[in-house]
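User: I've got this model open and want to talk through how its parts hold together. Can you take me through it?

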There are 4 protein chains.
Amino acid sequence: MSLPDAFHEIAERVNNWGRWGPDDEIGTLNLITDTVVREAAAGVRTGRRVPLALPLRQGGVQTGMIPGRVDPLHVMVQINQEIFGPGTVACNDDAVTMGLQAGTHWDALPHVSHSGRLYNGRPAGSVTAHGGAEFSGIEKVRTIVSRGVLLDVARARGVERLAGGHAVTPEDLEAAEELAGTRVRAGDIVLVRTGQIQLLLAGDRHAYSHPSPGLSIHTPRWFHARDVAAVANDTLTFEIFPPEIEDLWLPVHALHLVEMGMLQGQNWNLEELSTACGETGRYEMLLTAMPEPFTGGTGTPVAPVAVL
Amino acid sequence: MSLPDAFHEIAERVNNWGRWGPDDEIGTLNLITDTVVREAAAGVRTGRRVPLALPLRQGGVQTGMIPGRVDPLHVMVQINQEIFGPGTVACNDDAVTMGLQAGTHWDALPHVSHSGRLYNGRPAGSVTAHGGAEFSGIEKVRTIVSRGVLLDVARARGVERLAGGHAVTPEDLEAAEELAGTRVRAGDIVLVRTGQIQLLLAGDRHAYSHPSPGLSIHTPRWFHARDVAAVANDTLTFEIFPPEIEDLWLPVHALHLVEMGMLQGQNWNLEELSTACGETGRYEMLLTAMPEPFTGGTGTPVAPVAVL
Amino acid sequence: MSLPDAFHEIAERVNNWGRWGPDDEIGTLNLITDTVVREAAAGVRTGRRVPLALPLRQGGVQTGMIPGRVDPLHVMVQINQEIFGPGTVACNDDAVTMGLQAGTHWDALPHVSHSGRLYNGRPAGSVTAHGGAEFSGIEKVRTIVSRGVLLDVARARGVERLAGGHAVTPEDLEAAEELAGTRVRAGDIVLVRTGQIQLLLAGDRHAYSHPSPGLSIHTPRWFHARDVAAVANDTLTFEIFPPEIEDLWLPVHALHLVEMGMLQGQNWNLEELSTACGETGRYEMLLTAMPEPFTGGTGTPVAPVAVL
Amino acid sequence: MSLPDAFHEIAERVNNWGRWGPDDEIGTLNLITDTVVREAAAGVRTGRRVPLALPLRQGGVQTGMIPGRVDPLHVMVQINQEIFGPGTVACNDDAVTMGLQAGTHWDALPHVSHSGRLYNGRPAGSVTAHGGAEFSGIEKVRTIVSRGVLLDVARARGVERLAGGHAVTPEDLEAAEELAGTRVRAGDIVLVRTGQIQLLLAGDRHAYSHPSPGLSIHTPRWFHARDVAAVANDTLTFEIFPPEIEDLWLPVHALHLVEMGMLQGQNWNLEELSTACGETGRYEMLLTAMPEPFTGGTGTPVAPVAVL
């Protein structure tokens, strides 16, 4: 069994292998130039900051459906420990065990492979137990700060949240772009709001997980045409799940991460941001969304901040 | 045994308990107002971004000296796993176990207590194995983006790095401030460069750990006078270690975290930033240094980015 | 609020504090003498061995009900790694993160405290984040090998498994003892079979967890009278759950661990053993049930073996 | 590069593939029959028990030389937590992160592969990040209880401990066997004492690690001739390290685990046992050394007990 023609036709059109040289390991993040960042900073109006990460804790996003992707187990390794003797300053120290994709996170480029290949044609076998990802590991990303644009699809469609079976299409993105009043351009990080995370915030992580609205297989071409640097949304699966085309699982992952070399983010809480943008009618921001530099990491927790 | 008068005299002068109300849990981060952030964004000149975090991996900073503070153990829990059957898109997923203070990190306010108290008078006993920090846990910090100012003490003193026994004094800070050409003001995040991290980058984590140059017990008053929001530097211990006053261990921790309610950062790699600032003669930046929101966390890894 | 008189009356009768000296840390394990073990070995008839542990894996016993008690996350840290160069012998290495009480386990004596005290009057506060249990940590147990006696309460009552609301009484134990055809005596390890674990083996960990049959508050006096060394059974909660007496939670834990200083085991799979004993009519065995010696551990995974 | 002829000649002679059928996953453990165990139990003389495991804790055996093999990080997840309300019984619960081969352990058969194969010809690729070892995982071992024989090579040679460069030969084993006064026979677990662990117990884990005395490449033939069920010793590397034949790394691992299908144990503390056996002149015992049944595990901590 292999991936269908429908997939390969799109793959051919959005493929970025070699675009930034044969040794490139960061893909579309190359589109975030100094100019892009300078202009993004210049676009800050109020200085208001909105956090987009979920808290990291047991009883978070994970249901056990994805083996090994465990919610954070936060533990104290020292509690008021008077290391230097009685009556001295006392220390608290903690540790954590967690799946790197367990909460609000970025998928690094090697998070998926298809047909034996990773982004830029690297062999899938270069990901090993010993060192993780040899190529495009998350530590290769130096920084992620750029202009962010909220494409509030739920609001543009006039609903509180999209239905579980809703595939977000290029038309949806353009309707939200019109609402946003700014054209998505090279180097932007696009935040696509479905509202699905309301289910999680209401306490039902199973309903949140699936069925889920999410990006259609047709959106990668749109992101590619606009030269977007990265895309994130407020769902567990990122793309519509179960998938639009029977037995074609995770096609958007494969197109974004492998073909385009574009990071994608999941479980981003866009609710407060939606409210804030709705109030001002302004949907662009300076967005900081820096990965934690795990050597060989195929993902990373991230605590993004929108500066309005 | 209790803390000496020399400590309490300073503590009294820098104490911020009640300043932002009896229920405040974030201390001097209150000083980062929308205006501060708006001006910091307006101060971006080139859009160049400099990362300040060390890679997260085994063989990192830790020597085993601090029990339970373990370097990141990064593991793959899925490698090219064809979850949905042969020939489908294959997944890589990873997990980590690590001390929250193991690498480049922020100390949260409850990282230390003294005399049975945490910041704002909360009882030290409110930190528990069950939930971590009940008050001022790192998840209470909504965002950290502000103006950053590099106080390059090593350069101001004309050395590559400060000697192990060097206590950074208010005079050192003012000399570096003069070099920086900007006055440190309310809401700023101050980055103090000693150069000590060069030892770590050269592969000697033991030499890096101690003896270490670091902040003198006299600097908290300076930071307090300037209403600084947070301070970070490029050492393991933050303050001079072994300490200036015999048997008075970690006094700067106690003054910053408990008395002032001011976050402090350690193991920040300021070398590339120093070079960049030296080239332009400009030592201020937009600094993003967002914690990962571990519920009850007394610390957090952080991957700061300076936008110049 | 404090524990009721009903509890304290029993506590007084079964208390073993000081019985083996003020410094004792292993309680009723003192009853396992060389003679007891020599006779247990002499009682081996066939050499058949029956394992009593559940597999250690994700999707094990835990439901998330008990915070921090996480099922084993088993990960590979090396896969066919040719450490010494291409073509050399290749290595596989693994690691685990798990709750010590997550699967088939022993509760160490300091697993619970009541009224501020642990076994032998040690202060509850001697259990710390820094070192775990200072007294009676599981590493203090040198060995656990003794005679085991299966008290098959389910079979003695003629049922496949006891109902969720069934409190196992001293009368139940004596009926099972009669079935066993041997009198429980000093130094024995008693295995009480309820059959509840069948629910887990059938895939329903929620039904397994509660309501659960288990030991009645009246059984500690029986175990004390017989000078039993340890007791284990095939439930999550060990004692009947929810409890017999309203608002009196975990009284059997407190009586066994704190008052008597007697280890107790949970999640032991006694199904195959029950079949084996039923076939021969012989319910005694040489039992090995060695803890893993975690320094300061308040519990331990155990993989017990019955030698028939 | 491939393994030299010297290796393959021995491999051919000791190979057990197919001996217990094409589907066998436990190798020489098949040699532990009911009769073997019955006789081992009958051989118990005093009932004295000697534990052979090192404590599990930070600051244990590991030096960081073997990536990912981390010493146990033991943490409390609940400390005197009154789960059911103030004044109720309070709970202590703990968790651990550790390498399965970090302390006293068994190597499972798939711990190494060579030439792309595991024991019984299974493909090396059947060990995956997803599930660990598909074949011969440690959970496939039902029980390990048998006769143990201490071959005290150090004592037989009249030294406190063997020198770092000493390769234990078949002649050494036979001299120790003569001292032991019993012939090693089918199904026995052989404990080979070098005394090397004295270095670890004295606090020097680096000296302990290497150079290390250990089994010569010529001993597998001896173990094979005697139909031994398993072998363990008191070193980190098990076999002499650095190796006897230049560039032939870990040949004994490959012969035992892959060719013979024989478990091997490392970091067993045989000091107290040596003293006990020396006192009585009797070197055989009933040995219990049960693995923890990690699903897919390529190793396991073990806390062996010798019953004399």
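Analyst: Sure. Let's settle one term before we start: a salt bridge here is a side-chain nitrogen of Lys or Arg within 4 Å of a carboxyl oxygen of Asp or Glu. Keep in mind that this is a predicted model. With that rule, Arg48(A), Glu272(A), Glu279(A) and Arg142(B) are linked in a network of salt bridges.

User: How many salt bridges does the rule give over all chains?

Analyst: Side chains of opposite charge can pair when their charged atoms come close. Applying the rule to all chains brings the count to 64 salt bridges.

User: Take Glu271(B) and Arg193(B): how far apart in sequence are the parts that this pair ties together?

Analyst: The two side chains form a salt bridge, with 3.0 Å between the closest N and O atoms. Glu271(B) sits in helix H9 (residues 271-280) of chain B and Arg193(B) in strand E10 (residues 189-193) of chain B, so the salt bridge joins parts whose separation in sequence is 78 residues.

User: Is Arg193(B) buried or exposed?

Analyst: The cut-off for buried is under 20% relative accessible area. Its partner Glu271(B) comes in at 17%, so Glu271(B) is buried. Arg193(B) has a relative accessibility of 7%, so the answer for Arg193(B) is buried.

User: Which residue forms a salt bridge with Glu272(C), and where does that partner lie?

Analyst: Glu272(C) is in helix H9 (residues 271-280) of chain C, and its partner is 224 residues away, so we're looking at a link between distant parts of the chain. Glu272(C) counts as partly exposed at 30%, and the partner is partly exposed too, with 28%. The closest N and O atoms are 3.9 Å apart. The partner lies in the loop between helix H2 (34-42) and strand E1 (49-51) of chain C, and it is Arg48(C).

User: On chain D, Asp152(D) and Arg155(D) meet in a salt bridge; which of them counts as buried?

Analyst: Their N-to-O distance is 4.0 Å. Arg155(D) has 32% relative accessibility and so counts as partly exposed. At 0%, the buried one is Asp152(D).

User: What are the edge strands of the open sheet in chain D?

Analyst: Nine strands make up this sheet, in the order E1-E16-E14-E8-E10-E12-E13-E4-E15, with mixed pairing. An edge strand pairs on one side only, and that leaves strand E1 (49-51) and strand E15 (299-301) of chain D.

User: Inside that sheet, which residue is the bridge partner of Gly148(D) in E10(D)?

Analyst: Strands of a sheet pair through backbone hydrogen bonds, either parallel or antiparallel. Strand E8 (residues 145-152) and strand E10 (residues 189-193) of chain D go the parallel way, over five bridges. For Gly148(D), the partner in E10(D) is Ile189(D).

User: How much area do chain C and chain D bury between them?

Analyst: The size of an interface is often given as the accessible area lost when the parts come together. Chain C puts 87 residues into the contact and chain D 87 residues. Carbon and sulfur atoms carry 59% of the buried area, and the total is about 7,000 Å².

User: Which strand gives the largest share of the side of chain C that touches chain D?

Analyst: There's plenty of polar pairing to look at here: 37 residue pairs are in polar contact between chain C and chain D. The rule also finds six salt bridges across the interface, and Asp34(D) and Arg49(C) meet in a salt bridge at 2.7 Å, N to O. With ten residues, the largest share on the chain C side comes from strand E3 (residues 90-99).

Methods. Residues are numbered from 1 along each chain as its sequence is written. Chains are lettered from A and ligands numbered from 1 in the order in which they are written. This is a predicted model: local features need pLDDT of at least 70, side-chain atom pairs count only at pLDDT 80 or more; totals for chains, interfaces and linings use all residues. Side-chain values use heavy atoms; hydrogens and water are left out. Two strands pair if DSSP finds at least two bridges between them. Helices (H or I, at least four residues) and strands (E, at least two) are DSSP runs, numbered from the N terminus. Buried means under 20% relative accessible area, exposed over 50%, partly exposed in between (1.4 Å probe, protein chains only). Contact means heavy atoms within 4.5 Å. Buried area is the accessible area (1.4 Å probe) that two parts lose on being put together, summed over both. A polar contact is a pair of N or O atoms within 3.5 Å; within protein, one must be able to donate a hydrogen and the other to accept it, and residues adjacent in sequence count only if both atoms are side-chain atoms.
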